[in-house]
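Student: Could you show me how to read backbone geometry and pockets from a set of coordinates, taking one feature at a time?

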Amino acid sequence: MFTPLHRSALFARQPAVYERLGMRAWSEGLVPWRATTCPLLADVEAELIAAFEADLRTAGALAAAEPLTIIDVGAGTGRLLFHLAPRLTARGVRAHLVATDVAPSNVAAWSAHPQLAALAAEGRLSFEVFDALRPGPARGAAPTVLLAHYLFDTLPHRAFRVTDEGCFEGLVDAEASPWAWRYEAAARPAELSGRGPGTFLVPAGAAEALEAWRACFTGPLLVLAADKGVEPRSATEDPQLARHESVSAGVDFDALASLAAPRFTALSPHAPSHLFALHAFVDARLEGPALSRAWAQRGGHNEVLSLLQRFEAALKSEPSPDALLALLDESQADPDLVAQLAGRLRDAPLDPAQARRLVDLLARAAQQHFVFRQQLDVPFSLAVTAHHLGALGLAVPLYARSLEESGAHPATLLNLALALRGLGRGAEAVDALEVLLQHTPTHPRASALLAEWTGR
Ligand SMILES: C[S@@+](CC[C@H](N)C(=O)[O-])C[C@H]1O[C@@H](n2cnc3c(N)ncnc32)[C@H](O)[C@@H]1O
């Protein structure tokens, strides 16, 4: 059955798909998360939020003791808020964070997550089931920041084809394989005025969400949306949708800016990108000088895309240790990036100053490691590198975290035993070997070491 794209089952079943997947969506790599939850994006956003807060206080719209409310809509793993909280504190921003999602299974997972639960216990974070499209009755006039990271691409999109003959709406049969498309004559929507021939996706769901948020949060509002954009499609091509277990579509932020006006002023990246960029939608009543400055200096620069592109290039080439260390510094010691490059740096000849920089990066990465089951054992990768550099005091707790998160792997237990022994903690080293031998009784190296260390 052909249905206008935005009303099709493809989008209607998104909440159920995410509910069924739970954290598997991210831990099994079905849905991308690195760009939208990384420390660098958290830092850029903390800067923008601090500027928004300064404008509010100058305008008398936020009392000195009143905290800002920051709501992550469709928060996924919760990793972004984990990185955002300390960066707001460092800038003196008083804020209450709310992790929200349409999928109750995600909300339940956050409540059981050790690091998020710790923030909640401090009263800095709460969790809530929240539908971006149906936020419920008005919640009052407190100033609010809403984060929408890979959310607008997930909400419904309409499809339109513009040709010399006129404008047509795209209808999809999502039961057909591959999906079948049909185009029916339609009035050209105002947000596509001025466009030449082509096939366009209009982020109708994102526009509806902005409208619903405006009605729900009646005070000053800032929306930060990090998402992929769109590539031009000819009038003979069908719309481009990415298909994971869920679906997503690049967000036409120009169309969204037009739909959101005049209630919101859109702040756009200095150089548009179809791959990824941060966009802001500011309450048109309150676009203050501090936020404009912060956008000019940081928000509009797409620092995250630039970093990740150079990171991908570094994985495929052989940059100098200094270049790798600089890249990791720029990432704000993103644990996932440090863990991926740690092996490369371990094998490189480092001078003492470079080794010290790497140990410092490893320590910062260890502090920021967000626990969620994923393919890469981040604590182990950091630990082995710290161990190699002789930073045993750093390696030991990282091996312990790897054991907690990824289970009793023989290599982790053996390395832990060696690091403990190196620290003079002989009895604990023997304990680690014994645990190893319980799991792998025939492990030759562990047996030999146990004999050497205990005489048994
Ligand atoms: C692609 S994931 C992005 C997750 C996270 N923001 C990130 O960047 O890693 C989309 C998230 O939006 C949630 N979601 C989907 N539809 C939603 C809706 N109508 N309201 C609120 N959340 C929604 C999903 O459950 C999922 O957590």
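Student: Where does Pro262 lie, and how is the peptide bond from Ala261 to Pro262 arranged, cis or trans?

Tutor: The general idea is that most peptide bonds are trans. In this structure, which is a predicted model, Pro262 is placed in the loop that runs between H9 and strand S13 (264-267), and the bond leading into Pro262 from Ala261 is cis, with omega near 5°.

Student: Which residues does the other cis peptide bond, with omega of about -5°, join, and where is the place of Pro178?

Tutor: That cis bond joins Ser177 and Pro178, and Pro178 belongs to the loop between strand S7 (166-173) and strand S8 (180-185).

Student: What should I make of phi at Tyr150 and at Gln332?

Tutor: As a general guide, most residues other than glycine have a negative phi. Tyr150, although not a glycine, has a positive phi of about 45°, and this residue sits in the loop between strand S5 (144-149) and strand S6 (158-163). Gln332 also carries a positive value, with phi near 65°, and its place is in the loop that links helix H12 (321-330) to helix H13 (335-347).

Student: Turning to empty space, how much of it lies in the largest pocket, and which residues lie nearest the centre of that pocket?

Tutor: The general idea is that rolling a probe the size of a water molecule over the atoms shows where empty space is left. Here the largest pocket holds about 890 Å³ of space, and its lining consists of 46 residues, with Tyr18, Tyr150, Leu151, Thr154 and Leu155 lying nearest the centre. Tyr150, the residue with the positive phi of about 45°, is thus also one of those nearest the centre of this pocket. At least two lining residues come from each of helix H1 (9-12), helix H2 (14-21), strand S2 (68-73) and helix H8 (204-216), and by class the lining divides into 23 nonpolar, 14 polar and nine charged residues.

Student: Which space is taken by the ligand, and which residues are closest to the ligand?

Tutor: The ligand takes the space of the largest pocket. It is surrounded by 20 residues, of which Thr36, Gly74, Asp101, Ala132 and His149 are the closest, and this shell is made up of 11 nonpolar, seven polar and two charged residues. Among the individual contacts, a polar side-chain atom of Thr36 lies 2.6 Å from an oxygen atom of the ligand, and a polar side-chain atom of Asp101 lies 2.5 Å from a ligand oxygen atom. At Ala132 a backbone N or O atom is placed 2.8 Å from a nitrogen atom of the ligand. The ligand has 590 Å² of accessible area on its own, and the protein covers 97% of that area.

Student: What lines the second largest pocket, and which element gives the most to that lining?

Tutor: The second largest pocket contains about 560 Å³ of space and is lined by 29 residues, with Gly229, Val230, Glu231, Val251 and Asp252 nearest its centre. Strand S9 (198-202) and helix H9 (253-260) each supply at least two residues of this lining, with S9 giving the most, namely four residues. By class, the lining of this pocket comprises 13 nonpolar, 10 polar and six charged residues. H9 brings us back to the starting point, since Pro262 lies in the loop between H9 and strand S13 (264-267).

Methods: Residues numbered from 1 in each chain as written. Predicted model: local features only at pLDDT ≥ 70, side-chain atom pairs only at ≥ 80, totals over all residues. Heavy atoms only, no water. 1 Å grid on protein atoms, 1.4 Å probe; cavity = no way out; pocket = protein on both sides within 12 Å on 5 of 7 lines; lining within 4 Å. Points joined across faces, edges and corners; volume = space filled by probe spheres on them. Nonpolar A, V, L, I, M, F, W, Y, C, P; charged D, E, K, R; others polar. Near = heavy atom within 4 Å. Polar contact = N/O pair within 3.5 Å; in protein donor to acceptor, adjacent residues only side chain to side chain. Areas by Shrake-Rupley, 256 points an atom, 1.4 Å probe, with all protein chains shown as cover. Sits in = over half its atoms within 2 Å of the grid points.
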